[in-house]
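Colleague: I'm new to reading protein models, and I'd like to learn by asking about one feature at a time. Could you walk me through this one?

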Amino acid sequence: MFGQFQQSNIRLEIKASRQTIRDSLTQPTQLKQWLWRGQKNLPEQLTVGAHFTIHLGFVAIAHTVETCHGHGLRFLLGQGIDGFQAWSWDDGWLQSEIEGISLLPLNLGQTAMLLGLRRFIETKEAQK
């Protein structure tokens, strides 16, 4: 793998319940709305062992679900990023950790992703 070892850990306060945050991260129909727009190969459910690949422009990033439970989700990453991404959450907060070797600027992508997720979740909560 070419690239540089990078790691980033970001925690956000978010005005939402644990259930809303969990559903936004573990339900592929919701993931398609805020993160992977236009992705067609997502599994019906994110369960341990589920595998899919997303494309960011010309870069493919393979994801394999390593763990998925009520308070966390962890993907093993391959191809464009050789590493992992872990998510943790509860009422009022969300944390994302990404670590790997890549040519992509992981911290920048992670920040943009988290801001988009927070906007999606808070809009959803406001509509309740």
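Colleague: Let me start with a helix: which strands does helix α1 lie across?

Modeller: Good place to begin, and please keep in mind that this is a predicted model. Helix α1, made of residues 18–26, lies across β3, β4, β5 and β6. Its direction is at about 155° to that of β5. Helix α3 (residues 106–126) also packs on the sheet, where it touches β1, β5 and β6. The angle between the directions of α3 and β1 is about 25°.

Colleague: Now the sheet itself. In what order do the six strands come?

Modeller: The general idea comes first: strands in a sheet pair through backbone hydrogen bonds, and they may do so in parallel or antiparallel fashion. Here the sheet is open, the order is β1-β6-β5-β4-β3-β2, and the pairing is antiparallel. At the edges stand β1 (4–13) and β2 (51–56); each has a single partner strand, so one side of each has no neighbour in the sheet. From one strand to the next, the twist averages 20°.

Colleague: How many bridges join β3 to β4, and which residue is the partner of Cys68?

Modeller: Eight bridges join β3 (residues 59–69) to β4 (residues 72–79). Cys68 has Leu73 in β4 as its bridge partner, and His63 is partnered by Leu77 of β4. These two strands form a hairpin, with two residues between them.

Colleague: And on the other side of β3, how many bridges join it to β2?

Modeller: There are six bridges between β2 and β3, which run antiparallel. One pair to look up is His51 with its partner Thr64 in β3. This is a hairpin too, with two residues between the strands.

Colleague: Let me carry on along the sheet. What can you tell me about β4 with β5, and β5 with β6?

Modeller: β4 and β5 pair in the antiparallel sense over six bridges. Within that pairing, Arg74 stands opposite Ala86 in β5. Two residues separate β4 and β5 in their hairpin. Between β5 and β6, which also run antiparallel, there are nine bridges. Phe84 finds its bridge partner in Glu99 of β6.

Colleague: I have heard about backbone angles. Which residues here have a positive phi?

Modeller: As a rule, most residues other than glycine have a negative phi. Among the positive cases here are two glycines in hairpins. Gly57, in the turn of β2 and β3, has a phi of about 65°. Gly92, in the hairpin of β5 and β6, has a phi near 85°. Gln79 is a residue other than glycine, and yet its phi is positive, near 70°. You will find Gln79 in strand β4.

Colleague: Next, charges. How many salt bridges are found, and what does Asp90 pair with?

Modeller: In general, side chains of opposite charge can pair when their charged atoms come close. Searching the whole structure gives three salt bridges. In one of them, the side chain of Asp90 meets that of Arg18, at 4.0 Å from N to O. Asp90 belongs to strand β5 and Arg18 to helix α1, so this pair ties together parts 72 residues apart in sequence.

Colleague: Last one: how should I describe the largest pocket, and which residues lie nearest its centre?

Modeller: Begin with its volume, which is about 330 Å³. Then take the lining: 17 residues, with Leu56, Ile61, Ile81, Gly109 and Met113 nearest the centre. Next, ask which elements supply that lining. β2, β3 and α3 each supply at least two of the lining residues, and α3 gives the most, with five. Finally, sort the lining by class: 13 residues are nonpolar, four are polar and none is charged.

Definitions and conventions:
Residues numbered from 1 in each chain as written. Predicted model: local features only at pLDDT ≥ 70, side-chain atom pairs only at ≥ 80, totals over all residues. Heavy atoms only, no water. Pairing = 2+ DSSP bridges. Helix = DSSP H or I, 4+ residues; strand = E, 2+ residues; numbered from the N terminus. Axes fitted to C-alpha atoms, helices over the stretch in contact; angles between N-to-C directions. Contact = heavy atoms within 4.5 Å. 1 Å grid on protein atoms, 1.4 Å probe; cavity = no way out; pocket = protein on both sides within 12 Å on 5 of 7 lines; lining within 4 Å. Points joined across faces, edges and corners; volume = space filled by probe spheres on them. Nonpolar A, V, L, I, M, F, W, Y, C, P; charged D, E, K, R; others polar.
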